[in-house]
Amino acid sequence: NDMSGGGASASADGDHTSWRGQRVVIPSEKVSAGLIRCDELRLSNCVDIDKATERDFEGLDGNDVIEKYGEISASYAEVLKQVHKDMINMGGDPDSPQWSAVESYVKEQTAVLNIERNLLLLLISIHKLHAAQDDLVRGKVKPEEGVRFCELIKENVSSALDLCPEYHEDADKASKLPISEGLCEALQSYLHVAANYRCWFVALCNAASGKLQEAYVLTDLALSRSDVSLPPTAPSPYSHIHTLVRRLQDDLPSRLRRWRARLAAKVVAQDSGLEDPLDKAASAGAGVAGASSASAAAAASTAAAAATTVKAGDLNAFPPAIEPIACKPLLFDLALSSFPPPDISHRVKKESKGLLGRFTSWWGGK
(Lines give C-alpha, C1' and ligand atoms only; values in the text may rest on other atoms or scores of the structure.)
Protein backbone atom coordinates (compact mmCIF):
# COMPACT_ATOMS: atom_id res chain seq x y z
CA ASN A 1 0.00 0.00 0.00
CA ASP A 2 1.48 3.31 -1.07
CA MET A 3 0.43 5.16 2.04
CA SER A 4 2.56 8.19 2.45
CA GLY A 5 4.62 8.68 -0.63
CA GLY A 6 7.71 7.50 1.25
CA GLY A 7 7.05 6.92 4.92
CA ALA A 8 9.19 8.09 7.78
CA SER A 9 12.52 6.31 7.94
CA ALA A 10 15.84 6.51 9.73
CA SER A 11 19.12 7.43 8.09
CA ALA A 12 22.65 8.20 9.17
CA ASP A 13 22.03 11.93 9.27
CA GLY A 14 18.69 11.79 11.09
CA ASP A 15 15.05 10.82 10.55
CA HIS A 16 13.47 11.98 7.35
CA THR A 17 10.57 11.44 4.98
CA SER A 18 9.82 12.13 1.35
CA TRP A 19 7.02 14.54 0.56
CA ARG A 20 6.05 15.61 -2.95
CA GLY A 21 9.41 14.57 -4.28
CA GLN A 22 11.38 16.47 -1.65
CA ARG A 23 13.36 15.15 1.29
CA VAL A 24 11.99 16.45 4.61
CA VAL A 25 14.11 16.04 7.73
CA ILE A 26 12.15 15.34 10.93
CA PRO A 27 13.99 17.07 13.80
CA SER A 28 12.12 15.27 16.59
CA GLU A 29 12.50 11.60 17.54
CA LYS A 30 9.00 11.47 19.02
CA VAL A 31 7.46 12.80 15.81
CA SER A 32 9.45 10.32 13.75
CA ALA A 33 8.39 7.41 15.98
CA GLY A 34 4.77 8.54 15.75
CA LEU A 35 4.87 8.67 11.96
CA ILE A 36 6.40 5.19 11.78
CA ARG A 37 3.61 3.95 14.05
CA CYS A 38 1.02 5.54 11.72
CA ASP A 39 2.58 3.84 8.70
CA GLU A 40 2.44 0.47 10.48
CA LEU A 41 -1.25 0.97 11.35
CA ARG A 42 -2.07 1.88 7.75
CA LEU A 43 -0.36 -1.25 6.47
CA SER A 44 -2.32 -3.45 8.88
CA ASN A 45 -5.71 -1.69 8.97
CA CYS A 46 -6.30 -0.06 5.59
CA VAL A 47 -7.98 -1.78 2.66
CA ASP A 48 -5.57 -2.90 -0.06
CA ILE A 49 -7.34 -0.93 -2.77
CA ASP A 50 -5.02 -1.93 -5.61
CA LYS A 51 -5.75 -5.65 -5.09
CA ALA A 52 -9.39 -5.40 -3.94
CA THR A 53 -12.05 -6.86 -6.22
CA GLU A 54 -15.69 -5.90 -6.56
CA ARG A 55 -16.64 -8.70 -4.19
CA ASP A 56 -14.16 -7.37 -1.62
CA PHE A 57 -15.78 -3.95 -1.72
CA GLU A 58 -19.26 -5.47 -1.42
CA GLY A 59 -18.14 -7.40 1.66
CA LEU A 60 -16.87 -4.33 3.53
CA ASP A 61 -18.52 -3.50 6.83
CA GLY A 62 -19.06 0.17 7.53
CA ASN A 63 -18.52 -0.07 11.28
CA ASP A 64 -15.26 -1.97 10.76
CA VAL A 65 -14.00 0.68 8.32
CA ILE A 66 -14.89 3.49 10.74
CA GLU A 67 -13.17 1.75 13.65
CA LYS A 68 -9.92 0.90 11.85
CA TYR A 69 -9.53 4.22 10.06
CA GLY A 70 -10.52 6.07 13.22
CA GLU A 71 -7.61 4.47 15.07
CA ILE A 72 -5.16 5.68 12.43
CA SER A 73 -6.70 9.16 12.36
CA ALA A 74 -6.31 9.42 16.14
CA SER A 75 -2.63 8.46 15.80
CA TYR A 76 -2.05 11.22 13.24
CA ALA A 77 -3.80 13.71 15.54
CA GLU A 78 -1.38 12.78 18.32
CA VAL A 79 1.58 13.23 15.97
CA LEU A 80 0.33 16.68 14.96
CA LYS A 81 0.05 17.67 18.62
CA GLN A 82 3.61 16.45 19.17
CA VAL A 83 4.80 18.53 16.22
CA HIS A 84 3.29 21.69 17.69
CA LYS A 85 4.70 20.83 21.14
CA ASP A 86 8.21 20.24 19.83
CA MET A 87 8.09 23.46 17.84
CA ILE A 88 7.90 25.27 21.18
CA ASN A 89 10.11 23.05 23.34
CA MET A 90 12.98 22.81 20.86
CA GLY A 91 13.10 26.56 20.41
CA GLY A 92 12.88 26.43 16.66
CA ASP A 93 11.15 28.90 14.39
CA PRO A 94 7.59 27.61 13.76
CA ASP A 95 7.61 29.37 10.39
CA SER A 96 10.86 27.75 9.27
CA PRO A 97 10.67 25.68 6.08
CA GLN A 98 11.64 22.54 8.02
CA TRP A 99 8.82 22.71 10.60
CA SER A 100 6.30 23.94 8.01
CA ALA A 101 7.08 20.97 5.79
CA VAL A 102 6.69 18.48 8.66
CA GLU A 103 3.40 20.05 9.77
CA SER A 104 2.00 20.15 6.21
CA TYR A 105 3.10 16.56 5.64
CA VAL A 106 1.14 15.32 8.68
CA LYS A 107 -1.92 17.38 7.70
CA GLU A 108 -1.89 15.97 4.18
CA GLN A 109 -1.63 12.40 5.45
CA THR A 110 -4.64 13.03 7.70
CA ALA A 111 -6.65 14.50 4.81
CA VAL A 112 -5.76 11.57 2.53
CA LEU A 113 -6.80 9.08 5.20
CA ASN A 114 -10.16 10.81 5.75
CA ILE A 115 -10.88 10.98 2.01
CA GLU A 116 -10.09 7.28 1.60
CA ARG A 117 -12.32 6.33 4.55
CA ASN A 118 -15.30 8.37 3.34
CA LEU A 119 -14.94 7.07 -0.24
CA LEU A 120 -15.12 3.51 1.10
CA LEU A 121 -18.18 4.38 3.19
CA LEU A 122 -19.79 5.91 0.08
CA LEU A 123 -19.14 2.70 -1.85
CA ILE A 124 -20.71 0.67 0.96
CA SER A 125 -23.76 2.95 0.90
CA ILE A 126 -24.10 2.53 -2.88
CA HIS A 127 -23.95 -1.27 -2.59
CA LYS A 128 -26.66 -1.21 0.08
CA LEU A 129 -28.77 1.00 -2.14
CA HIS A 130 -28.35 -1.28 -5.14
CA ALA A 131 -29.39 -4.30 -3.09
CA ALA A 132 -32.53 -2.59 -1.79
CA GLN A 133 -33.60 -0.29 -4.62
CA ASP A 134 -37.22 -1.47 -4.47
CA ASP A 135 -37.38 -0.63 -0.76
CA LEU A 136 -35.96 2.82 -1.49
CA VAL A 137 -38.80 3.84 -3.80
CA ARG A 138 -41.30 2.49 -1.29
CA GLY A 139 -39.74 4.64 1.43
CA LYS A 140 -38.15 1.82 3.43
CA VAL A 141 -34.52 2.81 2.75
CA LYS A 142 -33.14 6.25 3.57
CA PRO A 143 -30.30 7.52 1.34
CA GLU A 144 -29.45 10.50 3.56
CA GLU A 145 -26.20 8.86 4.65
CA GLY A 146 -24.97 9.03 1.05
CA VAL A 147 -25.52 12.80 1.06
CA ARG A 148 -23.55 13.05 4.30
CA PHE A 149 -20.60 11.04 2.96
CA CYS A 150 -20.45 13.20 -0.18
CA GLU A 151 -20.35 16.35 1.95
CA LEU A 152 -17.56 14.87 4.09
CA ILE A 153 -15.57 13.99 0.96
CA LYS A 154 -15.97 17.56 -0.31
CA GLU A 155 -14.78 18.91 3.05
CA ASN A 156 -11.75 16.57 3.13
CA VAL A 157 -10.72 17.34 -0.47
CA SER A 158 -11.06 21.07 0.23
CA SER A 159 -8.69 20.73 3.19
CA ALA A 160 -6.21 18.95 0.91
CA LEU A 161 -6.53 21.77 -1.64
CA ASP A 162 -5.50 24.22 1.08
CA LEU A 163 -2.08 22.54 1.04
CA CYS A 164 -1.61 23.38 -2.62
CA PRO A 165 0.37 26.60 -3.20
CA GLU A 166 -2.22 27.81 -5.72
CA TYR A 167 -5.06 27.66 -3.17
CA HIS A 168 -3.34 28.51 0.11
CA GLU A 169 -4.70 31.63 1.81
CA ASP A 170 -1.34 32.71 3.29
CA ALA A 171 1.04 33.78 0.52
CA ASP A 172 4.12 33.38 2.73
CA LYS A 173 3.27 29.81 3.70
CA ALA A 174 2.20 29.03 0.15
CA SER A 175 5.66 29.92 -1.12
CA LYS A 176 7.15 27.27 1.21
CA LEU A 177 4.93 24.45 -0.02
CA PRO A 178 6.37 22.21 -2.73
CA ILE A 179 4.46 22.07 -5.98
CA SER A 180 3.10 18.68 -7.00
CA GLU A 181 2.38 18.57 -10.71
CA GLY A 182 -1.20 17.57 -11.50
CA LEU A 183 -2.33 17.49 -7.85
CA CYS A 184 -4.69 20.47 -7.96
CA GLU A 185 -6.24 19.26 -11.20
CA ALA A 186 -6.88 15.83 -9.67
CA LEU A 187 -8.39 17.25 -6.47
CA GLN A 188 -10.70 19.53 -8.45
CA SER A 189 -11.98 16.56 -10.44
CA TYR A 190 -12.65 14.70 -7.17
CA LEU A 191 -14.82 17.61 -6.03
CA HIS A 192 -16.87 17.38 -9.26
CA VAL A 193 -17.44 13.65 -8.82
CA ALA A 194 -18.50 14.12 -5.19
CA ALA A 195 -20.91 16.92 -6.19
CA ASN A 196 -22.53 14.71 -8.86
CA TYR A 197 -22.99 11.85 -6.43
CA ARG A 198 -24.47 14.23 -3.89
CA CYS A 199 -26.96 15.48 -6.49
CA TRP A 200 -27.97 11.89 -7.20
CA PHE A 201 -28.42 11.02 -3.53
CA VAL A 202 -30.53 14.15 -3.01
CA ALA A 203 -32.68 12.93 -5.91
CA LEU A 204 -33.05 9.57 -4.18
CA CYS A 205 -34.08 11.36 -0.98
CA ASN A 206 -36.85 13.06 -2.95
CA ALA A 207 -37.88 9.74 -4.48
CA ALA A 208 -38.04 8.10 -1.06
CA SER A 209 -40.35 10.86 0.17
CA GLY A 210 -42.66 10.52 -2.86
CA LYS A 211 -41.44 13.58 -4.81
CA LEU A 212 -40.89 11.71 -8.05
CA GLN A 213 -40.83 14.66 -10.45
CA GLU A 214 -38.20 16.48 -8.40
CA ALA A 215 -36.21 13.25 -8.21
CA TYR A 216 -36.35 12.83 -11.99
CA VAL A 217 -35.19 16.41 -12.61
CA LEU A 218 -32.24 16.10 -10.21
CA THR A 219 -31.21 12.73 -11.65
CA ASP A 220 -31.32 14.16 -15.17
CA LEU A 221 -29.23 17.14 -13.99
CA ALA A 222 -26.61 14.85 -12.45
CA LEU A 223 -26.46 12.84 -15.67
CA SER A 224 -26.02 15.96 -17.81
CA ARG A 225 -22.87 16.93 -15.91
CA SER A 226 -21.52 13.45 -15.15
CA ASP A 227 -18.89 13.62 -17.89
CA VAL A 228 -15.95 14.43 -15.59
CA SER A 229 -12.47 14.13 -17.08
CA LEU A 230 -10.12 12.57 -14.54
CA PRO A 231 -6.36 12.81 -15.04
CA PRO A 232 -4.67 9.53 -15.95
CA THR A 233 -2.88 9.30 -12.62
CA ALA A 234 -2.55 11.21 -9.37
CA PRO A 235 0.66 11.95 -7.48
CA SER A 236 1.48 10.10 -4.30
CA PRO A 237 -0.09 9.79 -1.74
CA TYR A 238 -3.34 10.17 -3.71
CA SER A 239 -2.94 7.12 -5.94
CA HIS A 240 -5.40 4.96 -3.96
CA ILE A 241 -7.91 7.78 -3.76
CA HIS A 242 -7.62 8.17 -7.52
CA THR A 243 -8.40 4.46 -7.96
CA LEU A 244 -11.55 4.77 -5.83
CA VAL A 245 -12.73 7.95 -7.53
CA ARG A 246 -12.20 6.42 -10.97
CA ARG A 247 -14.26 3.41 -9.94
CA LEU A 248 -17.07 5.70 -8.80
CA GLN A 249 -16.87 7.88 -11.90
CA ASP A 250 -16.90 4.95 -14.33
CA ASP A 251 -20.08 3.56 -12.75
CA LEU A 252 -21.96 6.85 -12.31
CA PRO A 253 -23.41 7.42 -15.84
CA SER A 254 -24.90 3.93 -16.05
CA ARG A 255 -26.35 4.25 -12.54
CA LEU A 256 -27.93 7.59 -13.41
CA ARG A 257 -29.41 6.33 -16.69
CA ARG A 258 -30.91 3.32 -14.93
CA TRP A 259 -32.46 5.41 -12.18
CA ARG A 260 -33.67 8.09 -14.58
CA ALA A 261 -35.54 5.45 -16.59
CA ARG A 262 -36.91 3.93 -13.39
CA LEU A 263 -38.15 7.29 -12.14
CA ALA A 264 -39.56 8.11 -15.58
CA ALA A 265 -41.77 5.03 -15.45
CA LYS A 266 -42.98 5.97 -11.98
CA VAL A 267 -43.73 9.59 -12.95
CA VAL A 268 -45.82 8.49 -15.95
CA ALA A 269 -47.65 5.86 -13.90
CA GLN A 270 -48.39 8.39 -11.17
CA ASP A 271 -49.66 11.07 -13.60
CA SER A 272 -51.79 8.54 -15.48
CA GLY A 273 -53.25 6.96 -12.38
CA LEU A 274 -51.94 3.56 -13.43
CA GLU A 275 -50.16 0.89 -11.47
CA ASP A 276 -46.40 1.22 -11.52
CA PRO A 277 -45.15 -1.22 -14.19
CA LEU A 278 -42.06 -2.02 -12.15
CA ASP A 279 -44.08 -2.87 -9.05
CA LYS A 280 -46.48 -4.88 -11.21
CA ALA A 281 -43.63 -6.86 -12.75
CA ALA A 282 -42.08 -7.45 -9.34
CA SER A 283 -45.36 -8.67 -7.87
CA ALA A 284 -45.81 -11.01 -10.82
CA GLY A 285 -42.46 -12.62 -10.07
CA ALA A 286 -40.44 -10.98 -12.81
CA GLY A 287 -37.14 -9.31 -12.00
CA VAL A 288 -37.11 -5.57 -11.72
CA ALA A 289 -34.07 -5.27 -13.92
CA GLY A 290 -35.77 -7.15 -16.76
CA ALA A 291 -38.98 -5.15 -16.54
CA SER A 292 -37.41 -1.73 -16.15
CA SER A 293 -35.63 -1.48 -19.50
CA ALA A 294 -38.68 -2.08 -21.72
CA SER A 295 -41.34 -0.24 -19.75
CA ALA A 296 -39.20 2.65 -18.57
CA ALA A 297 -37.59 3.37 -21.92
CA ALA A 298 -41.00 3.78 -23.55
CA ALA A 299 -42.07 6.20 -20.82
CA ALA A 300 -38.85 8.22 -20.65
CA SER A 301 -39.80 10.81 -23.27
CA THR A 302 -43.26 11.34 -21.75
CA ALA A 303 -41.75 11.65 -18.28
CA ALA A 304 -39.24 14.19 -19.50
CA ALA A 305 -42.05 16.39 -20.79
CA ALA A 306 -43.96 15.95 -17.54
CA ALA A 307 -40.92 16.69 -15.43
CA THR A 308 -40.02 19.85 -17.32
CA THR A 309 -43.42 21.30 -16.48
CA VAL A 310 -42.27 21.59 -12.88
CA LYS A 311 -41.21 25.16 -12.32
CA ALA A 312 -38.13 25.99 -10.30
CA GLY A 313 -40.27 27.72 -7.69
CA ASP A 314 -42.37 24.58 -7.23
CA LEU A 315 -39.38 22.46 -6.23
CA ASN A 316 -39.05 21.93 -2.52
CA ALA A 317 -35.63 22.56 -1.03
CA PHE A 318 -33.86 19.64 0.62
CA PRO A 319 -33.45 19.32 3.49
CA PRO A 320 -36.62 21.26 4.39
CA ALA A 321 -36.39 24.21 6.76
CA ILE A 322 -37.18 23.56 10.41
CA GLU A 323 -40.66 24.86 11.28
CA PRO A 324 -42.54 24.71 14.58
CA ILE A 325 -45.49 22.32 14.66
CA ALA A 326 -48.29 22.71 17.22
CA CYS A 327 -48.80 19.54 19.21
CA LYS A 328 -52.54 20.31 19.62
CA PRO A 329 -55.00 23.18 18.89
CA LEU A 330 -54.67 26.16 21.24
CA LEU A 331 -57.54 28.41 22.35
CA PHE A 332 -56.78 31.99 23.29
CA ASP A 333 -59.58 33.85 25.14
CA LEU A 334 -58.76 37.44 24.22
CA ALA A 335 -61.79 38.90 26.07
CA LEU A 336 -61.02 37.31 29.44
CA SER A 337 -59.04 40.27 30.74
CA SER A 338 -61.91 42.69 29.94
CA PHE A 339 -64.35 41.14 32.45
CA PRO A 340 -64.07 41.61 36.24
CA PRO A 341 -63.98 38.45 38.31
CA PRO A 342 -67.36 37.45 39.79
CA ASP A 343 -68.20 38.20 43.45
CA ILE A 344 -68.65 34.92 45.31
CA SER A 345 -68.30 36.29 48.83
CA HIS A 346 -71.93 35.39 49.62
CA ARG A 347 -71.11 31.75 49.00
CA VAL A 348 -68.19 31.65 51.40
CA LYS A 349 -69.14 30.39 54.85
CA LYS A 350 -68.15 32.69 57.71
CA GLU A 351 -65.95 31.00 60.26
CA SER A 352 -67.32 31.21 63.82
CA LYS A 353 -64.67 31.61 66.51
CA GLY A 354 -64.88 30.51 70.13
CA LEU A 355 -63.74 32.41 73.19
CA LEU A 356 -60.14 31.20 72.90
CA GLY A 357 -60.08 32.06 69.24
CA ARG A 358 -61.40 35.56 69.83
CA PHE A 359 -58.81 36.13 72.59
CA THR A 360 -56.00 34.91 70.29
CA SER A 361 -57.16 37.17 67.52
CA TRP A 362 -57.38 40.12 69.89
CA TRP A 363 -53.93 39.38 71.38
CA GLY A 364 -52.41 39.00 67.94
CA GLY A 365 -53.93 42.29 66.90
CA LYS A 366 -52.28 43.97 69.85
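This passage describes the fold, nonpolar cores, cavities and one loop residue of the chain shown above.

The structure is a predicted model, in which local features need pLDDT of at least 70 and side-chain atom pairs count only at pLDDT 80 or more, while totals for chains, interfaces and linings use all residues. Residues are numbered from 1 along each chain as its sequence is written, and side-chain values use heavy atoms, with hydrogens and water left out.

The chain has 13 helices and three strands; these are DSSP runs numbered from the N terminus, with helices being H or I of at least four residues and strands E of at least two. Of its 366 residues, 43% are buried, where buried means under 20% relative accessible area, exposed over 50% and partly exposed in between (1.4 Å probe, protein chains only). Among contacts with a separation of 6 or more, 74% join residues 24 or more positions apart, a contact being heavy atoms within 4.5 Å.

Turning to the interior, the largest nonpolar core holds 72 residues, and Leu-187, Tyr-190, Tyr-197, Trp-200 and Phe-201 have the most contacts inside it. Such a core is a set of buried Ala, Val, Leu, Ile, Met, Phe, Trp, Tyr and Cys residues joined through side-chain atoms within 4.5 Å. Helix 4 (97–131) is among the helices that each supply at least two residues of this core, and its share, 17 residues, is the largest. Leaving aside residues up to four places away in sequence, Trp-200 touches Ile-126, Leu-129, Thr-219, Ala-222, Arg-255, Leu-256 and Trp-259. A separate core of seven residues includes Leu-212, Tyr-216, Leu-263 and Val-267.

Two cavities of 30 Å³ or more were found. A cavity here is a set of points, on a 1 Å grid over the protein atoms alone, where a 1.4 Å probe fits but cannot get out; lining residues have an atom within 4 Å of a point. Grid points are joined across faces, edges and corners, and the volume is the space filled by probe spheres set on the points. The largest cavity encloses about 50 Å³. Its lining includes Leu-119, Ile-153, Tyr-190, Tyr-197 and Leu-248, and helix 8 gives the largest share of that lining, four residues.

Finally, Gly-59 sits in the loop between helix 2 (54–58) and helix 3 (62–89). Gly-59 counts as exposed because its relative accessibility is 61%. From C-alpha to C-alpha, Gly-59 and His-127 are 9.5 Å apart in space, although 68 residues apart in sequence.

Key:
On a 1 Å grid over the protein atoms alone, a cavity is a set of points where a 1.4 Å probe fits but cannot get out, and a pocket is an open set with protein on both sides within 12 Å along at least five of seven lines; lining residues have an atom within 4 Å of a point.
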